[in-house]
Amino acid sequence: MRLVRSLVVVAGLGLTALSLAAVPALAQKRGGTLVQITQPEPPTLGSYVSTANPVGQVASKIYDGLLEYDFDLKPLPSLAESWTVAEDGKTVTFKLRSGVKFHDGKPFTSADVQFTFMEVLKKVHPRGINTFAEVTAVETPDPQTAIFRLNRPAPYMMAALSGYESPILPKHVFSQGDIRTHQNANSPVGTGPFKFVEWRRGEFVRLDRNADYWKPGLPYLDRIVVRFIGDTGTRAAALEKGEAHIAGFGAVPYNDVKKLEKLPNIQIVTRGYEMLSPVVELMFNTKKAPFDNVKVRQAISYAIDRKFVIDNIWFGFGKPTNGPISSNFAPTGLYSADVTNYNVPDGVERANKLLDEAGFPRKADGIRFEITHDITPYGEEWRRFGEYTQQALARIGIKANLRYEDVATWLKRIYTDYDYDMSSNHLFNLADPVLGVHRAFHSRFIRPGTVFVNGVRWSTPHTDQLMDQATIEPDAKKRAALYAEVQKIVVDQAPLAWTHEISFATVLDKRYRDVIVSPLGLFSSFDRAWRE
Amino acid sequence: MTSSFWIRFLGNPRVLLGLIWLALVVIGALAAPLIAPLDPFAISGKPFVRPMDGFLFGTDSLGRSVWSGLVHGARTTLLIAIIATLAAVAFGGLLGALSGFYGGRTDNLLMRITEFFQTIPSFIFAILLVAVLSPSATSVVVAIATVSWPPIARIVRAEVMSLRSREFIQAAVTLGERDFVILFRQILPNALSPLIVTGSLLVATAILTESALSFLGLGAPNFMSWGFMIGAGRSFLRDAWWLVAIPGIAILLTVLSINLVGEGLNDALNPRLRTP
């Protein structure tokens, strides 16, 4: 098969999609205010410097990206009408939409794209530094064309061009002064469907309809108010009464979500997190006995009853798993189910057998060895998960003492000092395994002091090589095959025990339609959302 | 203590009620492994089983027995409260005694230190200490003792100061007794009654502090305690009332009992209330 990966999306295709969206179906109405609950209050609205969750929930309504995505994670046109990836994968040409204006009335051009990627995202965006590392230049032959020159192919880059991940900034506003501390961070100017109006600290951010939005007839809503309510119970009550209309991530605890679900005016949506895909993992300190023994790690993987954990700790909002890549990647072929299945009914027996073989027989008191398990200090369910893990380990003869510390101390212990036996965490897969999965077990990510990376300090030259190949492999099938092999090896070697995918739940007022229409969920622009 | 003390003390019906409940709690705590053989953290049944449905007090969100948690929690709560109180009484008592006995500069210095501790809001200070020391049984004891000793020091100081000028102490001084002997043989035994009353009430405060710390998730992570049970159950208040109500009632009754007994002690020991 010839390696022709020259993808041309005809400009007309994008326009067709657009005009379809723009023709209002009978029921769709203009007007209305959507009240969104975001928890906690964002520290800034500069989504180009902070990837903190609440920042993205607000800024994604203000900034557009070059692309949007459908639920299969396939790119759709946005500010870029069409794009072409050269055969060698080292040149990507974007044809930009004309007639797009920023909220201050100035036109959007290729210079803004160049500025955004070269001067901002590549330099100060926490993930952009990695994602766009291969981008050496953005050329602007004319105002409607931006050509990305890459050192090596970076197919994963195409998954990171949404308005949430890579917001396009106006050069004329942000090029003056230090971008890290820019005054316009908190009075943002973008091309998105909603304009920033006011941020009353501790209370709300008000965003009003952008009448000049480039998608004709959109957005439908007049206003979005993002409210900040500190108390969990009050948040649930506001949704129950219809004073607030949408809340996602952990803003409402799972047991309250269950209660709200029964109300006639509320629906629970679990879609819209496909580009995040958090996977829960038990971490083993693989440089330390007894976790340097693969059989011990496998035994513990077998000992966790995934169904119990999901049903009783995450109240059903989860999906059992064995490997690092979320099943949300199934449509792209990157997810593989062909791995060791640790989620078996006789898991405890298998675990006991493995520990016997590993040379840790039960002593007179029934205990094989004693360890310390560090509870993830993220709140209730993580505490219960720690307590459950202690009990699961007790069943296979491992005595685990629990330790509970504040987030900063815990992060330092796990990712800087490596002074731990076992802990748990969850990493977001993000838009591509290169962005969200490699960091957990690639040797390049054994970096003391950097959090949410390879804290288990496990790697092999072989898996490193497979991941490096997959990083630059432009052919989707070959890429999938490389990841299938990576998954098979790491699941068997179990440097981490992946237990389940968390399904976040969005609580949504039923009067609002077409709110969650992309894999980015609350991180999308809500341009098509409307009120009955 | 004379027999008239015991009559006045035990003749008080409120004291008797308090003592009966405290006796039950102490017996429960001592006999915990016998009357609730399950590890309180063990997942021993289905989650959210209602009370009296196979489990005396039902189960929590993970299927852990609430009864087991209650009696093992009594152990933790009592043990931590008593040890912390003893530490506070020993430290505060010593400081207060030295301060009251020597007076002058020593008194000035020690009382300024005491006031320094008294000005910090005690619960916030306890949270801070536990957070800094990282939660464990020892750090909870240290935190409670650290925030509890100042009142003891002040009471002991006042008692010692008033006794210091009595004739029998002056006699002892004249006889050439050493300071140490005077303080511990002559003065402290006479200052004991207010110390006992304050100390007993301090246990109640210590129980509340320990429960509040555990409620916030800052308790000793490997020990079941009443505050922890309430903290873990509070999100389910509307679906599973017993998770919060049962340990809550246990804390209420225990603290109330200690207060009743403490007040009874005060009444019985207070010479002004004695009938001639």
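Start where the chains meet: select the contact residues, and you should pick up 14 residues of chain B touching 18 residues of chain A. Now colour the chain B side by class: it has nine nonpolar residues, five polar ones and no charged residues at all. Bear in mind that you're looking at a predicted model. For the complex, the predictor reports an ipTM of 0.85 and a pTM of 0.83.

**Next, chain A on its own**

Hide chain B and switch to cartoon. Chain A has 16 helices and 21 strands. Its radius of gyration is 24 Å, close to the 24 Å that the globule rule gives for 532 residues, so chain A is as compact as a globular protein of that length. Line the view up with the principal axes and the C-alpha atoms occupy a box of roughly 80 × 60 × 45 Å. Colour by burial and 50% of the 532 residues come up as buried. If you draw the contacts between residues at least 6 apart in sequence, 69% of them link residues at least 24 apart.

**Zoom in on H16**

Select residues 476–493 of chain A. This is helix H16, with 18 residues; from first C-alpha to last it reaches 26 Å, close to the 26 Å expected at 1.5 Å a residue. Which residues of H16(A) are buried? Show side chains for Arg479(A), Leu482(A), Tyr483(A), Val486(A), Gln487(A), Val490(A) and Val491(A). Now turn the view to look down the axis of H16(A): those buried residues fall within an arc of 155 degrees, so they line one face of the helix. The general background is that an α-helix has 3.6 residues a turn, so residues three or four places apart point the same way.

What do the buried residues of H16(A) pack against? Add helix H13 (433–436), helix H14 (438–441) and helix H15 (461–472) of chain A to the selection, and you have the packing partners. Before leaving, step just past the end of H16(A) to Ala494(A), where phi is positive, at about 45 degrees.

**Last stop, chain B**

Bring chain B back and hide chain A. How many helices and strands does chain B have? Count twelve helices and zero strands; reading along the sequence, you go from one α to the next throughout. The C-alpha atoms of chain B fit a box of roughly 75 × 45 × 30 Å along the principal axes. Of its 276 residues, 42% are buried, and 67% of the contacts with a separation of 6 or more join residues 24 or more positions apart. Finish by colouring chain B by confidence: the mean pLDDT is 89, with 97% of residues reaching 70 or more.

Technical notes: Residues numbered from 1 in each chain as written. Chains lettered and ligands numbered in written order. Helix = DSSP H or I, 4+ residues; strand = E, 2+ residues; numbered from the N terminus. Expected span 1.5 Å × (residues − 1). Buried ≥ 20, exposed ≤ 12 C-beta atoms within 10 Å, placed from the backbone. Arc of directions from axis to C-beta. Contact = placed C-beta atoms within 7 Å. Nonpolar A, V, L, I, M, F, W, Y, C, P; charged D, E, K, R; others polar. Rg over C-alpha atoms; globule rule 2.2 N^0.38 Å. pLDDT = per-residue confidence, 0-100.
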